[in-house]
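Hi everyone, thanks for making time for this. I'd like to walk you through one structure, so let me put it on the screen.

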Amino acid sequence: MKILIIDDDQLTSTTWAMGLKSAGFDVINATNGQDGINQAKAQKPNLILLDQIMPDMLGNEVLTTLKQDPETSPIPVMLISNYNENQMMKDAIAQGAVDYILKYQIETKDLVDKVKTLLSQLDKTPDASSTSNPETPASADTPGDNNNTGSA
């Protein structure tokens, strides 16, 4: 499994890469948004860890670019940031991020566990990942069942 880390903070990238590598992941690093987009297209990682604040572009801009490209749109993206900016978080999730992690609230071991959990969940739901809208679980249809009971 390949993880792409897009982050201009070398210390964070190196620390997380070491943790992920020790857990058996292949890790690719990119130090800015454009390099990250290029690496995502070339390497086709299983997951992208994307920093929100970088010198060339915001993480949400990178996310938008990745999600608009058919080559990279299926790749799950976790946004990571030191900034607890509510609107950025909401925008990232609305644009298709699978999670939004605050760097100062997560240890490397916890990040590795989160990555493992997410990837195993994605592996268990091949039907959801093959559809264009992964938000179609059976539980979402439950409220609609009430409509059917009215006809009895």
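Let's begin at the start of helix α4, where a side-chain oxygen of Glu 85 comes to within 3.1 Å of the backbone nitrogen of Gln 87. Before going further, please keep in mind that this is a predicted model.

Now stay with α4, which covers residues 86-94. Which of its residues are buried? They are Met 88, Met 89 and Ala 92. If you look down the axis of α4, those buried residues fall within an arc of 100°, so they line one face of the helix. Turn to the other side of α4 and you find Lys 90 and Ala 94, which are exposed. And what covers the buried residues of α4? The cover includes α3, β4 and β5, the last of these being residues 99-102. The helix lies across β4 and β5, and it runs at about 150° to β5. After α4 comes Gly 96, with a positive phi near 115°.

That brings us to the sheet. It is an open sheet of 5 strands, in the order β2-β1-β3-β4-β5, and the pairing is parallel. As a quick reminder for anyone who doesn't look at sheets every day, strands of a sheet pair through backbone hydrogen bonds, either parallel or antiparallel. Here β2 and β5 are at the edges with a single partner strand each, so one side of each has no neighbour in the sheet. On average, and ignoring direction, neighbouring strands of this sheet are turned by 20° against each other. Helix α5, residues 108-124, also packs on the sheet: it touches β1, β3, β4 and β5, and its direction makes about 135° with that of β3.

Let me zoom in on β3, residues 47-51. How many of its residues are buried? The count is 5 of 5, so to speak of β3 as mostly covered is fair, taking buried as under 20% relative accessible area. Leu 47, Leu 49 and Asp 51 point one way from the strand, while Ile 48 and Leu 50 point the other way, and all are buried.

β3 has β1, residues 2-6, as one parallel partner, joined to it by 4 bridges. Within that pair, Ile 6 has Leu 50 as its bridge partner. β3 also pairs with β4, residues 77-81, again in the parallel sense and over 4 bridges; there, Leu 49 stands opposite Met 78. Between β3 and β4 sits helix α3, residues 59-68, and the three make a right-handed β-α-β unit.

Over on β1 and β2, 5 bridges join the two strands, which run parallel, with β2 being residues 26-30. Leu 4 stands opposite Ile 28 in β2. To get from β1 to β2 the chain crosses through helix α1, residues 10-22, and this β-α-β crossover is right-handed. One more pair from these strands: the bridge partner of Lys 2 in β2 is Asp 26.

Last stop, a loop. Ser 73 is found between α3 and β4. At 25% relative accessibility, Ser 73 counts as partly exposed. Leaving aside residues up to four places away in sequence, Ser 73 touches Leu 66 and Lys 67. Its C-alpha is 9.0 Å from that of Leu 63, and the two residues are 10 apart in sequence.

That's my tour, and I'm happy to take questions.

How values were computed:
Residues are numbered from 1 along each chain as its sequence is written. This is a predicted model: local features need pLDDT of at least 70, side-chain atom pairs count only at pLDDT 80 or more; totals for chains, interfaces and linings use all residues. Side-chain values use heavy atoms; hydrogens and water are left out. Buried means under 20% relative accessible area, exposed over 50%, partly exposed in between (1.4 Å probe, protein chains only). Two strands pair if DSSP finds at least two bridges between them. A crossover is right-handed if, with the strands pointing away from the viewer, the path from the first strand over the helix to the second runs clockwise. The arc is that of the directions from the helix axis to the C-beta atoms. Contact means heavy atoms within 4.5 Å. A polar contact is a pair of N or O atoms within 3.5 Å; within protein, one must be able to donate a hydrogen and the other to accept it, and residues adjacent in sequence count only if both atoms are side-chain atoms. Axes are lines fitted to C-alpha atoms, for helices over the stretch in contact, and angles run from 0 to 180 degrees between N-to-C directions.
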